[in-house]
Every structure is written in C-alpha cells, then in structure tokens.
Amino acid sequence: MTKVSTNINLDADLKRSAQELLKDLGMDLTTAVTIFLRQTVRDQGIPFRITRDIPNAETLAALQEYEAMKAHPEKYQSYANFQEAMEDVLA
C-alpha cells in the first residue's frame with residue numbers, strides 16, 4: 001500500500017496532550033489517526049456518537065429562571081456587592 005503525507009492543523013495543547021496519552025498506549029499520533037480513519041471507512045461514518053450536551057432538569061430550570069430574571073429584573077432581589085448577597089443568604 002502506497003503511503004501519502006497529510007497535513008492537519010491542531011491546537012498545540014491538544015496535540016501535545018494526545019501524543020502523551022497515545023505514547024502511554026504504545027502508539028503515535030499517525031497510528032491513532034490511521035485507526036480512526038480505518039474504522040470510519042469500515043463503519044461508513046464516525047465510529048462514535050457525536051452529540052450535543054443535553055442539560056439536565058436542574059440546569060434547564062436555572063436557565064429558565066435566568067431568562068425570567070432578564071425579562072423582569074424588578075421581580076427579583078438585587079445586591080450592591082457579593083458580601084451583601086452572602087449576608088442575606090446566611091441570615
């Protein structure tokens with residue numbers, strides 16, 4: 001099989017971190033990319049799920065509360081500084 005050189009642009013920190021991990025696994029970056037590409041061709045798609053993070057119920061409630069606070073700030077307590085807020089919370 002004829003090999004070709006391919007250039008990819010990566011974040012320097014990501015590349016370094018990946019190379020450190022792959023070295024511990026006994027392979028280099030080229031081998032890891034080759035494995036990924038072979039599996040991609042075999043699966044006829046990305047060989048792992050790519051999904052968006054779906055917020056849990058608590059996070060969704062916090063986001064809804066934030067939107068309500070933005071829309072109607074007059075309905076919510078405000079504080080001049082963090083210390084004032086902490087005193088109110090701890091009271």
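Where does Gln-44 lie? I began my notebook with this residue, and I found that Gln-44 lies in the loop between helix 2 and helix 3. I note early on that the model I am reading is a predicted one.

**Entry on Gln-44**

I looked up the backbone of Gln-44 and saw a positive phi of about 55°, although Gln-44 is not a glycine. The residue takes this value just after helix 2. I then checked its surroundings and recorded that Gln-44 is exposed, with a relative accessible area of 69%, where the cut-off for exposed is over 50%.

**Entry on the whole chain**

I turned next to the protein chain, in which I counted four helices and zero strands, and reading along the sequence I wrote down the pattern α-α-α-α. I wanted to know how the overall dimensions stand against those of a globule, and I found that a compact globule of 91 residues would have a radius of gyration near 12 Å, whereas the protein chain has 25 Å. The box filled by the C-alpha atoms, taken along the principal axes, comes to roughly 70 × 30 × 20 Å. When I looked for buried residues, I noted that they make up 4% of the 91 residues in the protein chain.

To have one separation across the chain on record, I took Asn-7 and Asp-88, which are 81 residues apart along the chain, and found their C-alpha atoms separated by 57 Å. Asn-7 itself lies in the segment before helix 1, which covers residues 12–24, and at 74% relative accessibility Asn-7 counts as exposed.

**Entry on helix 2**

How far apart are the end C-alpha atoms of helix 2? I compared the expected span with the model: at 1.5 Å a residue, the 15 residues of helix 2 should span 21 Å, and the end C-alpha atoms are indeed 21 Å apart, so the two agree. Within helix 2 I looked at Thr-31, which counts as partly exposed at 35% relative accessibility. Thr-31 and Val-4 are 27 residues apart in sequence, and I recorded 14 Å between them in space, C-alpha to C-alpha.

Phe-36 is also found in helix 2, and I noted that Phe-36 is partly exposed, with a relative accessible area of 32%. From Phe-36 to Ala-61, which are 25 residues apart along the chain, the C-alpha atoms are separated by 38 Å.

**Entry on aromatic rings**

I searched the whole structure for aromatic pairs, and the search finds one. The pair is formed by Phe-36 and Phe-48, whose ring centres are 6.1 Å apart and whose planes stand at 40°, so I entered the pair as tilted. Phe-36 lies in helix 2 (residues 29–43) and Phe-48 in the loop between helix 2 and helix 3 (57–71), and therefore the pair ties together parts that are twelve residues apart in sequence.

**Entry on the largest pocket**

I closed with the open space, and for the largest pocket I wrote down a volume of about 580 Å³. Which residues are the closest to its centre? Of the 15 residues that line the largest pocket, I found the closest to the centre to be Val-4, Thr-6, Thr-30, Val-33 and Thr-34. Sorting the lining by class, I recorded seven nonpolar, six polar and two charged residues.

How values were computed:
Residues are numbered from 1 along each chain as its sequence is written. This is a predicted model: local features need pLDDT of at least 70, side-chain atom pairs count only at pLDDT 80 or more; totals for chains, interfaces and linings use all residues. Side-chain values use heavy atoms; hydrogens and water are left out. Rings of Phe, Tyr and Trp (its six-membered ring) pair if their centres lie within 6.5 Å; planes under 30 degrees apart count as stacked, over 60 as edge-to-face and the rest as tilted. Helices (H or I, at least four residues) and strands (E, at least two) are DSSP runs, numbered from the N terminus. Buried means under 20% relative accessible area, exposed over 50%, partly exposed in between (1.4 Å probe, protein chains only). The expected span of a helix is 1.5 Å times one less than its number of residues. On a 1 Å grid over the protein atoms alone, a cavity is a set of points where a 1.4 Å probe fits but cannot get out, and a pocket is an open set with protein on both sides within 12 Å along at least five of seven lines; lining residues have an atom within 4 Å of a point. Grid points are joined across faces, edges and corners, and a volume is the space filled by probe spheres set on the points. Ala, Val, Leu, Ile, Met, Phe, Trp, Tyr, Cys and Pro count as nonpolar, Asp, Glu, Lys and Arg as charged, and the others, Gly among them, as polar. The radius of gyration is taken over C-alpha atoms; the globule rule is 2.2 Å times the number of residues to the power 0.38.
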